[in-house]
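Trainee: I'm new to this one and a bit lost. Could you pick a single part and take me through it closely?

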Amino acid sequence: MSLTARVAPPRYLLGQALHAEWTKFRTVAGPAWLLAGVVTLTLAAGTAAASTARCQSAACGLDPATVSFTGIYPAQAVAAVAGVLAIGNEYSTGMIKVSLTAMPRRLTWFLAKATVLIAQVLTASALAVAGAALAGRLILPGHGFTSAHGYASLTSVTDLRAAVGAVLYLTLIALLSLGLVAAVRDSAAAIGLVLGVLYLFPLAADVVSNPALGRHLDQIGPLPAGLDAQATIKVKGLPLTPWQGLGVVALWTAGALLLGALALKSRDA
Amino acid sequence: MTTHAVVPLRAPLTPERESFWHLVHAEWTKFRTVRGWVIAVLVTIVAITAFVFVSTDVSSGCNAVQGASSAATAVACPAQPTGPGGDPVQDVFYFAHQPVTGNGTITVQMTSLTGQTPVAPAGVVPDGGQAGPGLQPWSKAGIIIKENTSQGSAYAAMMVTGSNGVRMQWDYVNDTPGLAGRVSASSPRWLRLVRDGGTITGYDSADGTHWTLIGTAALPRLTSTVQAGLFAAGSSDDSDLGTLATGVFRHIGLSWPATGWTGTSVGGAGPNSGVPVPGTLRQGAGSTTVAGFGDIGPAAGNMYSGNGQSLQRTLAGTSSGLIPLIVVAAMFITAEYRRGLIRVSLTAAPRRGRLLAAKAVVIGAAGFVAGLVGAALALAVGTPLLLRSGPLQWPVSLLTEARMVVGTAALLAVAAVLALAIGTIVRRSAPAVAIVIAVIFVPWLLAFGPLAGQGGGAGGWELQVTPLAALSVQQAVPQFHQLITIYSLDNGYYPLAPWAGLAVECAWAAAALALAFFLLRRRDA
């Protein structure tokens, strides 16, 4: 009598992988803290920026969405950490061997990881951005962002686009981090790479004195491109249109995910 | 049968093994034997150095370099006048003068100083400046004794200013305050310059009888015959419209024989110069009016200067070099936690504070050396690249260059220690690296970003209270308080004095190290 006959052969479905990854997420405290960090930082920095911003005249040139979403600058670092640790922790604890034994189809496992991460970060950043937009809506009209200065409404379609852009931006950055950490397998190196890519482009663009080169840097860097997606005024003068900006971020993310998937598929864990 | 007591083998603790430097040596061995870390430090050096090829690519203004292939198309820069001290100067003003020989005195009463900024054509929003009437804080008019009317010649002047009271200035870089307050018909200002050989003394007075000595200028190379007279300079900010300053002079007294005033636009005027139209001299009954654009002073980043580049451009790669160094410095301790090596380390060196100190010494030294090599290379490679596009904005002494290089090295060393301390506090690589990078870079991005200038104005709080305040060690162009220059980051000026900025970063590292020390001793490893 054979024992094996009674055990159904494993089928390694995506649904099972998703369930497993979801269980990992909800039974560990770390990710929840990181998501709380995204929300807190976005809200706190946005409220602080809105409270200090003053628009004295119609030519003040301040974008209310940029002011409200100032918190995206620090919050994206937290979203990046969430993306990095989703896979980085598996490598640093050796859990990756167990995970890949249970789910030998690595790309399915990777997809499940990405899906669970999207769900987490999308939810957290939607909450965060909605809160920051609301705070800006309440505070900014009292600080000169009035119709007299050309800010007719802070709840128009443009403002909605800026908010959606900010939410998608944070989610894409978390995914970019997921792809890079799968490629380099080390949390510290991955977070250094992600934050380097994010923060160095705008700084380099500010430092170069060649305006054409600076504009190109603003076009290809994911952070400035993502900021273009959050603009509500002077959209015509931006290096990229809002959706092009989001497209550039998506290209970076796609590239990183591809790199991560290839490395995961072709390498020993 | 005999029993032998089993004596455990134990190496005697020699004094060397107890010593701190032994611990430093052990940590150094840990550091240098991890190949990835050594590579990351090399990447730091390469990143700092290689960035000069981007940051020295200057293609705007008179210094345009249209790529290396067509450098011949670069527009020639206007010759930069230099002052008696050899420093680049701006010397553009309207001068009503007459030649005078030998010792003597010039005295005037000033009753008015007004300023006017030409209104911009419709649709043009001036960049940062206000259109319409407006006196700039350093708009000036007064009396001057100047060697001749060519730019850069020696001079001494007494003047009233827009909002800085009466000043005595000489030879471009010197400035001494006199009576405070604005000049008006009800509170006139009397100004006097006395020439005695190579010395010119300035006095001011509110009533024309009680005089106060303001300053004494030594101009040893002054020729016997010089030009003395009245001047006005609008001293605009960086708006490209310029400000016209108009001064009203009464009771002009010359001890020399008077020969009549000649009006000269020092530095020229016209569409191709910084001054749109020449100034004016109007002599009426009892009062003389002189109006002029321009400014007299050091040429450090002002619109009338030669537009040269600042040497600190060559060190712009410091930010990219910081990132790999921060990753390594944080991992220097977090890797021990991840691998459980920390237990071995603390067993070998039970005095935990000393372990942390040893790690700080090693990673700080690694950061210092990387910064020293990177900055020295960047300066060596970048200076000739920068000079392709014309002379430097301000001549940089060897001492200043040394400060820039050593300061950059110290900046990296302290950042590495900060990362080590944060790594000890949070014990996990990714959060530690993210915290340090965010603390260092986010304020900097905000200082440059779309909210720049809000609240803080030029030199916002971001670079005064955060670790990157230390970038001020790279300041290559001095700041002169008597200049209307936008001393902002965009123009390459940091808000703090060089070593003060580094002290801010040191304070951050010290606070983090203190918390790390406290937690390391208190917690289980």
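Mentor: Sure. Two residues are in contact if their C-beta atoms, placed from the backbone, lie within 7 Å. Keep that in mind, and let's look at chain A, starting with the side that touches chain B. This is a predicted model, where local features need pLDDT of at least 70 and side-chain atom pairs count only at pLDDT 80 or more, while totals for chains, interfaces and linings use all residues. Residues are numbered from 1 along each chain as its sequence is written, with chains lettered from A and ligands numbered from 1 in the order in which they are written.

So, the touching side. Chain A puts 37 residues into the contact and chain B puts in 35. Several helices of chain A each bring at least two residues to that side: H2 (29-52), H3 (64-68), H4 (72-93), H8 and H9. Helices here are DSSP runs (H or I, at least four residues; strands are E, at least two), numbered from the N terminus. H8(A) gives the largest share, with 14 residues. Sorted by class, chain A's touching side holds 25 nonpolar, ten polar and two charged residues. For those classes, Ala, Val, Leu, Ile, Met, Phe, Trp, Tyr, Cys and Pro are nonpolar, Asp, Glu, Lys and Arg are charged, and the others, Gly among them, are polar.

Now step back to the whole chain. Chain A has eleven helices and zero strands, so to speak an α-α-α-α-α-α-α-α-α-α-α run from the N terminus on. Its C-alpha atoms fill a box of roughly 85 × 40 × 25 Å along the principal axes. Of the 269 residues in chain A, 54% count as buried, meaning that 20 or more other C-beta atoms lie within 10 Å of a residue's own (exposed is 12 or fewer, partly exposed in between). If you take the contacts in chain A with a separation of 6 or more, 78% join residues 24 or more positions apart.

One such place to look is where H7 (residues 157-184) and H11 (residues 242-266) of chain A meet. The two axes come within 7 Å and cross at roughly 20 degrees, which makes H7(A) roughly parallel to H11(A); axes are lines fitted to C-alpha atoms over the stretch in contact, with angles from 0 to 180 degrees between N-to-C directions, and roughly parallel is under 35 degrees. On the H7(A) side, the residues that meet H11(A) include A:Arg161, A:Gly165, A:Leu168 and A:Tyr169. Among their partners in H11(A) are A:Pro242, A:Leu246, A:Val249 and A:Trp252. Count this helix pair by class and you get 19 nonpolar, four polar and one charged residues.

Follow the chain past H7(A) and you reach A:Arg185, in the loop between H7 and H8 (187-207) of chain A. A:Arg185 is not a glycine, yet its phi is positive, about 65 degrees. A:Arg185 is partly exposed, with 19 other C-beta atoms within 10 Å.

Last stop is H9 (residues 211-220) of chain A, whose buried residues are A:Gly214, A:Leu217 and A:Asp218. Looking down the axis of H9(A), those buried residues fall within an arc of 100 degrees, so they line one face of the helix. An α-helix has 3.6 residues a turn, so residues three or four places apart point the same way. And what do the buried residues of H9(A) pack against? They pack against H8 and H10 (222-228) of chain A. That brings us back to H8(A), the helix with the largest share of the side touching chain B.

Definitions and conventions
Angles under 35 degrees count as roughly parallel, over 145 as roughly antiparallel, 65 to 115 as roughly perpendicular and the rest as oblique. The arc is that of the directions from the helix axis to the C-beta atoms.
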